[in-house]
Amino acid sequence: MFEHMNEQEARKQILDMVSEYCNQFHNQKKEFKEGDRITYAKRVYDEQEMVNLVDSSLEFWLTSGRYTDEFEREFAKFLGVRYCSLVNSGSSANLLAFMTLTSPLLGDRRIKRGDEVITVAAGFPTTVTPIIQYGAVPVFVDITIPQYNIDVTMLEKARSEKTKAVMIAHTLGNPFDLGTVKEFCDKYDLWLVEDNCDALGSKYVINGEEKLTGTIGHIGTSSFYPPHHMTMGEGGAVYTNDSLLNRIIRSMRDWGRDCVCPSGRDNLCNHRFDKQYGQLPLGYDHKYVYSHFGYNLKVTDMQAAIGCAQIKKFPTFVERRIHNFNRLKNALAGVEDKLILPEPCKHSTPSWFGFLITCKDGIDRNQVVQYIEQHGVQTRMLFSGNLIKHPCFDIMREENTGYRVVGSLENTDRIMNQTFWVGVYPGMTDEMIDYMAKVIKEAVK
């Protein structure tokens, strides 16, 4: 087949065939009919993602490479930050963001075992997991309804002499009160980590300037898991404007090494064999000097290749999510006596990940959810509901150690018992949104 072609010509033919294959077997749109399954999320892609994926596989580089470099550059540009590091998942991004703050290079500001981090229990567990695994102490405060974000009136009560950071997520695209949280962190010289995994593209006005969430704190994180705002299959990112934090992030992501040379390149600093580190002998190979206890959290270039196509579409994804959210909310007008509908945080423009609904007293969530599911609409809980009620906390709960709760978690428990959500992903049509609203209304009658 390729006998009379050079490599470039052969590759072009392969990629042209991949494009044709995708359009024939993946991009055929099916008209929605009532009763068709409506999932809470789904990948939105076309032939360009598949072409990029195959293009990368033909190079057979396998680890991070040119597509990774391109995505990190373009994603940082989109966010308006100086540094971006791709990783293999959003959970790894949170692990890396937290562990970065434990680096000895940060001096007195480093988080040590026993230090405290203010967070919430209503969310995804891997925002909190790194804190516990390291031996720091999560301090849980309640959230508000219908914003479903941290109750900022509890920040002062939650702080102690051991508090070193605030690490919380923007819930399903709705930013938390960044103005108040940032002011609190600045007042006490605390680190602020924004888990932006469910809020990519959300905006918040702070000090008169509109910024993307994830870029206002010291470190932001993103996830590119298939249901998220954009995807590369598995994947995530950590980003910052701080050069020292970026240096630590890169080190910990890449085995904890001191060297900054990318894979496949040596001696960019021209001092590979002439310095002394720790108690190693003079001239020990700098590529194998480790300044941190790190990991290998790098992404493959095949994943990054998909991301490079996705990021070009991303602004339209955000527009459609906002459209879908607003259409669903308008369509649910009139059920406010039975359901609490979500409200955006003040000063924000959310890039909605989902549409949160809380059943009022007298409305049985389980019955509502089962009716909705039986009529073809997929639902989800707000992740853990109340994380400290889960089996992973059994031992800590029994021994009353390893975490603190400040005040009551009344709203957190209410969410655990009465809240669910449905999707607003950009592949949804107006007909799908209208059908979801119809089913939800029927469910609460």
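Relative accessible area, computed with a 1.4 Å probe on protein chains only, sorts residues as buried when under 20%, exposed when over 50%, and partly exposed in between. The views show a predicted model, in which local features need pLDDT of at least 70 and side-chain atom pairs count only at pLDDT 80 or more, whereas totals for chains, interfaces and linings use all residues. Residues are numbered from 1 along each chain as its sequence is written, and side-chain values use heavy atoms, with hydrogens and water left out.

**View 1. A salt bridge within helix 1 joins aspartate 16 and lysine 12.** A salt bridge is a side-chain nitrogen of Lys or Arg within 4 Å of a carboxyl oxygen of Asp or Glu, and the count by this rule is 28. In this pair the closest N and O atoms are 2.8 Å apart, and both residues lie in helix 1 (residues 7-25), four residues apart, or about one turn of the helix; helices are DSSP runs of H or I with at least four residues, strands are runs of E with at least two, and both are numbered from the N terminus. Aspartate 16 is partly exposed because its relative accessibility is 41%, while lysine 12 is exposed at 53%.

**View 2. Aspartate 430 and arginine 320 form a salt bridge.** The N to O distance is 2.9 Å, and the pair links distant parts of the chain, with aspartate 430 in helix 13 (residues 430-444) and arginine 320 in helix 9 (residues 301-331), 110 residues apart. Aspartate 430 counts as partly exposed at 23% relative accessibility, as does arginine 320 at 25%.

**View 3. Salt bridges that share partners join Arg11, Asp55, Glu59 and Arg66 into one network.**
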